[in-house]
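Reader: I have just opened this model and would like some help finding my way around. Could we go through it together?

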Amino acid sequence: MNQQRRTKQFKAADENGRPYTVEEWTNYIRVDTNAGTSWVEGNKDLVTSSGEPLNRLEKGVYQVVMTGLVLRS
């Protein structure tokens, strides 16, 4: 069983100054051992607050996957 939690949220804007909220979601993987249960941090996903997936091009620069729109924070 895995869980996903929003771990960061920050503002970004496109080249016209239109504001966007970027959210970082971290996947946590449940690990059961004889010592008990723990959660291990897995991969992170970036999306806009409306759910559009983002690619990180470089620090502070993100691209909306479906449209190619570039956002800067």
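Author: Happily; we will take the hairpins, then two buried residues, then the salt bridges, bearing in mind that this is a predicted model.

Reader: Let me begin with β1 and β2. How many bridges join these two strands?

Author: Strand β1 covers residues 2-13 and strand β2 covers residues 19-33. The two run antiparallel, and A13 stands opposite P19 in β2. The number of bridges joining β1 to β2 is eleven.

Reader: Which residue in the turn of that hairpin has a positive phi?

Author: β1 and β2 form a hairpin with five residues between them. Look in that turn for a phi of about 85°, and you arrive at G17.

Reader: Moving along the chain, which residue takes a positive phi in the hairpin of β4 and β5?

Author: Strand β4 (residues 53-58) pairs with strand β5 (residues 61-64) in the antiparallel sense, over four bridges. E58 stands opposite V61 in β5. Two residues lie between the strands of this hairpin, and the one with a positive phi near 85° is G60.

Reader: β5 also pairs with β6. Which residue stands opposite Q63 there?

Author: Strand β6 covers residues 70-72, and its pairing with β5 is antiparallel over three bridges. Their hairpin has five residues between the strands, with G68 taking a positive phi near 80°. Opposite Q63, in β6, stands V70.

Reader: Now a single residue, please. Is T48 buried or exposed?

Author: T48 has its place in strand β3 (residues 36-48). Leaving aside neighbours within four places in sequence, T48 is in contact with Y20, T21, E23, L54 and L71. Its relative accessible area is 2%, and because the cut-off for burial is under 20%, T48 counts as buried.

Reader: Which side chain does T48 join in a polar contact?

Author: Here we look at the side chain of T48 itself. The polar contact spans 3.0 Å, and the partner is S50.

Reader: What is the relative accessible area of E24?

Author: E24 is found in strand β2. Beyond its neighbours within four places in sequence, E24 has contacts that include R5, R6, T7 and K8, as well as K44, D45 and L46. E24 is buried, with a relative accessible area of 12%.

Reader: On to charged pairs. How far apart in sequence are the parts that R6 and E23 tie together?

Author: Side chains of opposite charge can pair when their charged atoms come close. R6 and E23 form a salt bridge, with their closest N and O atoms 3.4 Å apart. R6 lies in strand β1 and E23 in strand β2, so the parts tied together are separated in sequence by 17 residues.

Reader: Within that pair, is E23 buried or exposed?

Author: R6 is partly exposed, at a relative accessible area of 46%. E23 has 10% relative accessibility, so with burial set at under 20%, E23 counts as buried.

Reader: Which residue meets D32 in a salt bridge?

Author: The N to O distance in this salt bridge is 3.1 Å. The partner of D32 counts as partly exposed at 36% relative accessibility, and its name is R30.

Reader: Finally, which residues are linked in a network of salt bridges?

Author: K44 forms a salt bridge with E41, their closest N and O atoms being 3.1 Å apart. K44 is partly exposed at 41% relative accessibility, and E41 is also partly exposed, at 47%. The salt bridges come to four in count, and the network links E24, E41 and K44.

Methods
Residues numbered from 1 in each chain as written. Predicted model: local features only at pLDDT ≥ 70, side-chain atom pairs only at ≥ 80, totals over all residues. Heavy atoms only, no water. Pairing = 2+ DSSP bridges. Buried < 20%, exposed > 50% of the residue type's maximum accessible area, 1.4 Å probe, protein only. Polar contact = N/O pair within 3.5 Å; in protein donor to acceptor, adjacent residues only side chain to side chain. Contact = heavy atoms within 4.5 Å. Salt bridge = Lys/Arg side-chain N within 4 Å of Asp/Glu carboxyl O.
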